[in-house]
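This report looks at the surroundings of a bound ligand and then at a pocket elsewhere in the description. Please keep the sequence and the 3D view at hand while reading.

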Amino acid sequence: MKVMILGIDGYIGWALALREISKGNEVSGIDNFFTRRRVREVDSDSVIPISTMQKRISQVREKMGKRINFYRGDVANPKLIMDAVREERPDVIVHLAEQRSAPYSMIGLRQATQTMVKNVVSTLNIIYAVKDIVPKAHILKLGTMGEYGTPNIDIPEGFFEIEYHGRRDYLPFPKQAGSWYHWTKVHDSNNLMFANKVWKLAITDVMQGVVYGTRTREISETGLRTRFDIDEVWGTALNRFCAQAIAGLPITPYGKGGQTRGFLSLEDSISCLDIAIDNPPNEGEYRVFNQFDEHYSVMQLATMVKEIFESEYGKEARIVNVPNPRIEAEEHYYNPEHIKLARLGYRRSRELKDEISLILEDLSHNRARIESLKEVISPRTVWQKSSVN
Ligand code: USQ
């Protein structure tokens, strides 16, 4: 199968490329190194060192005997994506090339506009590239569980039956995103649904939870690491908590810490995407997968990291509930469905506590790099100035 990965240089993109290569699929990829540049913009870096794309490609050739057709550029540039799709004629296009940080999108108008325009335009470009060049190709698009927000009722997988004033319909579940970034994913979902309606494109819209972890099967086997961010803009909750424990910094649940989200490991994220690739939608189908393994509150995760770190490293880890820089519910109901991927064969690869041990182990070899980023770990990007004491 020909798999085109947009955002192949990223945390998930690189790990997915290794999986698809190891399965014997032909992999091509596009990236403009936006994440590398924007992470530097906030004086941060991946705490797990990663090679340049040129080196990555030659390492894949040496270790796995395979080539990657790489195109450097921005997916928001229509010519770039049209030319690449015409050249590769992929069976599936995996779109991981959007600006992925909620805090980055909330820094100010420039970042909000850039996130909004680049994310929405990139998906629109892919829609047109598929419609005009490879109309049977599968668009596998990374959205986010954050599109749904935290409603006080169960969250279905995309659509639900609703009765209103005595009439029934099957409708998209309402979206209540919590940052400009999360709203771009809602706009993408709407655009994808419309593209499916008018042009019958085959689309999987993945509502993914927060991903954690340093490894996948292929990363362990080849040593070809993927990036790992821990700063307040680009790092996500559990990954940050592990890094904070290793560096002797306080573990920082924001506010009360009752914010509950779906989480899944990097290995499981890659397995789910791979299952979606192997089981494409029917011709003309738009489907939604809620992609996470289990839901936890950030306080639960902070406590787990503290306990595992203390028992394995014999040192104390401190939890400090810092003022919440975001506008979000800190205690709420949360019960999203996630059955479609399990029906297609998804099973969690490892217990959470074992995954946390592995992250701690990998980070312990990079303690000095974490310590060098001390200044950018504490939250300072605020949704609203008055929300910080
Ligand atoms: N949080 C803390 N302490 C921290 C960092 C975060 O309590 O040190 C809290 C946040 O306030 C939030 C929750 O943890 O309530 C999740 O925040 P996050 O930074 O781990 O993740 P988020 O901003 O939601 O975004 C991440 C990815 C994004 C993806 C999303 C999935 O960056 O690309 O779409 O997770 S989801 O959260 O399901 O929307």
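## Residues around the ligand

A residue is counted as near a molecule if one of its heavy atoms lies within 4 Å of it. In this predicted model, 22 residues are found around the ligand, and those that come nearest are Thr 144, Tyr 181, Ala 237, Thr 252 and Glu 328. By character, the shell around the ligand divides into nine nonpolar, eight polar and five charged residues.

Two helices, α7 (180-199) and α9 (237-246), each supply at least two residues of this shell, and α9 gives the most to it, with three residues.

## Polar contacts and cover

Side chains also approach oxygen atoms of the ligand through their polar atoms: such an atom of Arg 326 lies 2.8 Å from a ligand oxygen, while for His 182 the distance is 3.0 Å and for Arg 261 it is 3.3 Å. On its own the ligand has 730 Å² of accessible area, of which the protein covers 94%.

## The second largest pocket

The second largest pocket has a volume of about 150 Å³, and its lining consists of Lys 2, Ile 21, Asn 25, Glu 26, Val 27, Lys 66, Arg 67, Ile 68, Asn 69, Glu 87 and Glu 88. The elements that give two or more residues to this lining are β2 (26-31), β3 (68-72) and α4 (78-88).

Which kinds of residue make up the lining of this pocket? Six of its residues are charged, three are nonpolar and two are polar; among the charged ones are Lys 2, Arg 67 and Glu 88.

Terms used:
Residues are numbered from 1 along each chain as its sequence is written. This is a predicted model: local features need pLDDT of at least 70, side-chain atom pairs count only at pLDDT 80 or more; totals for chains, interfaces and linings use all residues. Side-chain values use heavy atoms; hydrogens and water are left out. On a 1 Å grid over the protein atoms alone, a cavity is a set of points where a 1.4 Å probe fits but cannot get out, and a pocket is an open set with protein on both sides within 12 Å along at least five of seven lines; lining residues have an atom within 4 Å of a point. Grid points are joined across faces, edges and corners, and a volume is the space filled by probe spheres set on the points. Helices (H or I, at least four residues) and strands (E, at least two) are DSSP runs, numbered from the N terminus. A polar contact is a pair of N or O atoms within 3.5 Å; within protein, one must be able to donate a hydrogen and the other to accept it, and residues adjacent in sequence count only if both atoms are side-chain atoms. Accessible areas come from the Shrake-Rupley method with a 1.4 Å probe; for residues, only the protein chains shown count as cover.
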